[in-house]
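I opened the notebook today to work through one structure, piece by piece. Here is what I looked up, in the order I went.

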Amino acid sequence: MSIRAVVWDVDDTLFDYTGADRAGMRGHLTAEGLLDTYESAERALERWREVTHAQWARFSAGEVTFEGQRRDRVRVFLDRELTDEEADAWFQRYITHYETAWALFPDVLPVLDALAGSHRHAVLSNSSIHVQDRKLRVLGVHDRFEAILCAAELGVSKPEAGAFLAACDALELAPHQVAYVGDHPEIDGRGAADAGLLSVWIDRAGARADGDASHGPRRISSLAELPAILGADTRFGAPSSFR
């Protein structure tokens with residue numbers, strides 16, 4: 001098997017979304033005077049994550065637009081009727097805090113450098129191009145990718161095979177020539193594997209260590225393990241912990 005390109009998820013794969021979201025929401029709720037309405041800061045952040053996951057699932061299922069899921073996250077979290085303009089304004093104030101915490105994971109630049117000469121690179125995200133294009137520019141890695149594809153514009157989202165195949169089409173490569181790297185074992189890992197790509201699940205939290213790589217995603221705990229899986233001609237990295 002010759003892998004010629006790597007397609008990447010963004011949030012919690014390249015970019016520490018969870019860390020930035022937690023730091024940004026904590027700062028936002030403090031500024032809004034809302035943190036004291038919860039029994040603890042941790043409970044407030046947990047509630048925000050619950051609402052985010054629920055509304056994101058609606059967007060992924062095509063039940064609501066990208067902008068709509070943002071507005072509904074605010075309305076459900078605050079348990080308050082808001083106009084679109086009011087919800088947008090509240091979310092934008094959160095974004096201001098969130099963006100101050102943006103950062104790549106420390107293993108990202110080393111692996112992109114290591115694979116720069118051996119593999120082509122693209123992005124496939126379940127977000128929108130407006131969000132991810134700017135994010136990748138701010139993080140300084142936009143020019144590393146030949147193509148940036150997002151569900152909001154594609155009209156199909158992971159784990160549907162069509163999303164992964166659209167990335168392969170953008171690179172003009174067959175699925176078996178492409179690896180996909182993402183942080184979610186089902187949406188990214190299983191979805192990419194079912195679409196015929198070499199699927200690599202980045203499990204930084206060590207959520208699960210079992211599985212069968214011949215029938216699903218390869219599991220790694222650090223991107224330093226990726227070159228060995230791809231068979232890249234580089235001394236960077238270490239053998240995969242999941243074969």
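The entries below go from salt bridges to single residues, then to the pocket and the cores.

**Entry 1: what I am looking at**
I am working with a predicted model, so I keep in mind that local features need pLDDT of at least 70.

**Entry 2: salt bridges**
I began with the charged pairs and found that the structure holds 21 salt bridges. I picked out a few to follow by eye.

Arg-22 pairs with Glu-42, and their closest N and O atoms are 2.8 Å apart. Arg-22 sits in helix α1 (residues 17-32) and Glu-42 in helix α2, so this bridge ties together parts that are 20 residues apart in sequence. I then checked both partners for exposure. Arg-22 has 29% relative accessibility and counts as partly exposed; Glu-42 is partly exposed too, with a relative accessible area of 41%.

Next I went to Arg-137, which bridges to Asp-133 with the closest N and O atoms 2.8 Å apart. Both are in helix α6 (residues 129-138), and because they are 4 residues apart there, about one helical turn separates them.

My third pair was Arg-219 and Asp-203, where the closest N and O atoms are 2.9 Å apart. This one links distant parts of the chain: Arg-219 belongs to strand β6 (residues 218-220), while Asp-203 is in the loop between β5 (198-202) and β6, 16 residues apart. Are these two buried or exposed? Both Arg-219 and Asp-203 turn out to be buried.

I also noted a network of salt bridges that links Arg-58, Glu-63, Arg-71, Asp-72, Arg-75, Asp-84 and Asp-88.

**Entry 3: two residues of helix α2**
I looked up Arg-43 first, which lies in helix α2 (residues 41-60). Its relative accessibility is 26%, so Arg-43 counts as partly exposed. Beyond its neighbours within four places in sequence, Arg-43 is in contact with Tyr-38 and Glu-50. I also took one distance: the C-alpha atoms of Arg-43 and Gly-33 are separated by 15 Å, with the two residues 10 apart along the chain.

Gln-55 is found in helix α2 as well. I see a relative accessible area of 8% for Gln-55, and because that is under 20%, it is buried. What does Gln-55 touch, not counting residues up to four places away in sequence? I listed Val-64, Gln-69, Asp-72, Arg-73 and Val-76. Asp-72 was already in my notes as a member of the salt-bridge network.

**Entry 4: the largest pocket**
I then turned to the largest pocket, which holds about 940 Å³ of space. It is lined by 34 residues, and those closest to its centre are Asp-11, Tyr-17, Thr-52, Trp-56 and Ser-127. The elements giving two or more residues to the lining are α1, α2, α3 (66-78), α4 (84-99), α6 and α9 (185-194). I sorted the lining by type and got 11 nonpolar, 11 polar and 12 charged residues.

**Entry 5: the nonpolar cores**
Last came the largest nonpolar core, with 51 residues; Trp-8, Trp-90, Phe-145 and Leu-226 touch the most other members. Helix α4 gives the most to this core, with 6 residues.

I followed Phe-145 further. Leaving out residues up to four places away in sequence, Phe-145 touches Trp-8, Leu-14, Leu-112, His-121, Ala-122, Val-123 and Leu-136. Apart from the largest core lies another, of 18 residues, with Ala-122, Phe-164, Leu-171 and Leu-173 among them.

Technical notes: Residues numbered from 1 in each chain as written. Predicted model: local features only at pLDDT ≥ 70, side-chain atom pairs only at ≥ 80, totals over all residues. Heavy atoms only, no water. Buried < 20%, exposed > 50% of the residue type's maximum accessible area, 1.4 Å probe, protein only. Contact = heavy atoms within 4.5 Å. Salt bridge = Lys/Arg side-chain N within 4 Å of Asp/Glu carboxyl O. 1 Å grid on protein atoms, 1.4 Å probe; cavity = no way out; pocket = protein on both sides within 12 Å on 5 of 7 lines; lining within 4 Å. Points joined across faces, edges and corners; volume = space filled by probe spheres on them. Nonpolar A, V, L, I, M, F, W, Y, C, P; charged D, E, K, R; others polar. Core = buried A, V, L, I, M, F, W, Y, C linked by side-chain atoms within 4.5 Å.
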